[in-house]
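Dear colleague,

I am handing over the structure we spoke about, and I would be glad if you could open it beside this email. My notes on what was found follow below it.

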Amino acid sequence: MNYAPSPVPLSRSARLRSELLSPHLSFLMEAHNALSAKIAEEAGFTAIWASGLSISATLGLRDNNEASWTQILDVLEFMADATSLPILVDGDTGYGNFNNVRRLVRKLCQRGIAGAAIEDKVFPKANSLGDGAQPLADIDEFCGRIRAGKDSQTDDGFTLVARIEALIAGHGLDEALRRAEAYHAAGADAILIHSKRPTAAEILAFAGRWGNRCPVVIVPTTYHATPTSAYRQAGISAVIWANHNLRASVAAMATTCRLIHDSQSLADVEGRIASVQDLFHLVGNSELEEAERRYLSPRARTNAIVLAASQGSALGALTADRPKCMIDIRGEPLLCRLVATLKEGGVHRVTVVRGYRKETIALSGIDVADNDEYATTGEVASLACALDRIDGNCLVVYGDVLFRRYILDGLLAAEGDIVVAVDALWHARERPGVTRLRDLAATTRPFSPGYLDDAPVQLTALGSEPPEAEIGGEWIGLVRFSPRGAAFARDEIARLAAENALASTDMPEFLTRLCRRHPVAVHFVTGHWLDVDDVADLADARNFL
Ligand code: SPV
Ligand code: MG
């Protein structure tokens, strides 16, 4: 038996520190918000540079401390939440004197930021790559900022990098080394030596003379042609790719805007840009779905599949240009009313299986699946088009029915893995002289109105002609599956597919097959629903509301 404690994962700050202290060259990738931080992590980087230039630019501001330090902190908080990587923050000058550095470092530690680089300039600073003056801080004063920062950290692993701007300001190597010596002695964990020359000559010269007394970090933005191997040979600890995510996205956005503007269409850009699914992935939608399974009440997790692929030919001209479910019922399509009832009942996701004139089913707040073989296939083939949605708690409903909300409430609360809603007052829907196909349910016993009589009733068959004596009522076109029931339904679909019978099977046959293998519970209702098969039904529907 091994009683050794399992290794505790290193904190982010410890990971940044060990990257800087390790003998190998490390790379910090620029990020300027949560999304770019996540993208850097997915690319395989092990640490992030939260660039002041980039964050300011995304706020539409110049890199002259126009954004306040708390505004930067807010961005950092999102970044730290979005990635598990250590973040080294570009802390500019520390936003003032030693006292500002103290508050900054405390806040960064509170927000889980692994380290900060502060530069030996004066507030407000200017970007190092610009042409303007770069007044340097007094060495002693800057050493006070370093000491104050180190004394204020509440996370032992926090790294304070002292950034030397002597080369940027044109003061030469000796001044840079003098400052490195002083900052190291003041307690800096690493030195960032910055240069804006087109070659790495002065950086490599600095590294040679510094002799690795503490880790050295560089920012090769202007000397980008230098091979990385040169930094390894010089014993540099870390390279910061300082602004390349932002510059890449600016170029991509400009190209995309130009294309869309000029073509007044999306045709040229789709396929060249990230998909919506990519965005869902980056922000972790699947984690939320998983959490919903754990924490949401079953009702809030119920999804519904609406079978709405057929034309509904008995309605003549009314369905010439649209499917039955899109027929107007007092100013609103039938489907809108059905979807509203489902959503009011707490169903969180409604998937409509479209077929005939599918382009006319374009409602907001629904997902769609398409049965393009609608003309030659039946209801279960349509259901199979939404196979991935037959999952968890799930309702399947015909697209041409309407029912009162309480019927849905009752069905959702009913016990059972598969529960069908059956109207016990089915005789009341008969019209003198009219014979029509109805989905009649044979049940283990008839409906009983008794107050105490709630013994379970089960379905034994569903179809147009069960023996009269066994008929418990009419199926209203609505069935609920529990997660287990949904698995049974998927298995049955697989069996039908294996038998080559998927295309020809309708829902009553499907439910009959299911009830031969598993108990299918009956939830009795007494009226208060309708389906639209013909013009007389349509008149009823218009009165129903
Ligand atoms: C930044 O990324 O904000 C930097 C590096 O500080 S530089 O832009 O080169 O000054
Ligand atoms: Mg900066």
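In this predicted model, the side chains of Asp-120 and Arg-179 come together in a salt bridge, with 3.1 Å from N to O. This pair links distant parts of the chain, since Asp-120 belongs to the loop between β4 (115-119) and α6 (139-152), while Arg-179 lies in helix α7 (residues 172-186), and the two are 59 residues apart. Side chains of opposite charge can pair when their charged atoms come close. Across the whole structure, the search finds 38 salt bridges.

The other topic is ligand 1, which sits in the largest cavity. Which residues are around ligand 1? They are Trp-49, Ser-51, Gly-52, Leu-53, Asp-63, Asp-90, Asn-127, Ser-128, Leu-129, Arg-163, His-194 and Ala-242, and, when this shell is sorted by class, there are four nonpolar, five polar and three charged residues.

Three of the contacts are worth finding on your screen, and each of them involves an oxygen atom of ligand 1. Trp-49 places a polar side-chain atom 3.1 Å from such an oxygen, and Ser-128 likewise has a polar side-chain atom, at 3.4 Å from an oxygen atom of the ligand. With Leu-53, by contrast, a backbone N or O atom is involved, and it lies 2.8 Å from an oxygen atom of ligand 1. As for how much of the ligand is covered, the protein takes up 100% of the 280 Å² of accessible area that ligand 1 has on its own.

With best wishes

Conventions: Residues are numbered from 1 along each chain as its sequence is written. Chains are lettered from A and ligands numbered from 1 in the order in which they are written. This is a predicted model: local features need pLDDT of at least 70, side-chain atom pairs count only at pLDDT 80 or more; totals for chains, interfaces and linings use all residues. Side-chain values use heavy atoms; hydrogens and water are left out. A residue is near a molecule or strand if one of its heavy atoms lies within 4 Å of it. A polar contact is a pair of N or O atoms within 3.5 Å; within protein, one must be able to donate a hydrogen and the other to accept it, and residues adjacent in sequence count only if both atoms are side-chain atoms. Accessible areas come from the Shrake-Rupley method with a 1.4 Å probe; for residues, only the protein chains shown count as cover. On a 1 Å grid over the protein atoms alone, a cavity is a set of points where a 1.4 Å probe fits but cannot get out, and a pocket is an open set with protein on both sides within 12 Å along at least five of seven lines; lining residues have an atom within 4 Å of a point. A molecule sits in a cavity or pocket if more than half of its atoms lie within 2 Å of its grid points. Ala, Val, Leu, Ile, Met, Phe, Trp, Tyr, Cys and Pro count as nonpolar, Asp, Glu, Lys and Arg as charged, and the others, Gly among them, as polar. A salt bridge is a side-chain nitrogen of Lys or Arg within 4 Å of a carboxyl oxygen of Asp or Glu. Helices (H or I, at least four residues) and strands (E, at least two) are DSSP runs, numbered from the N terminus.
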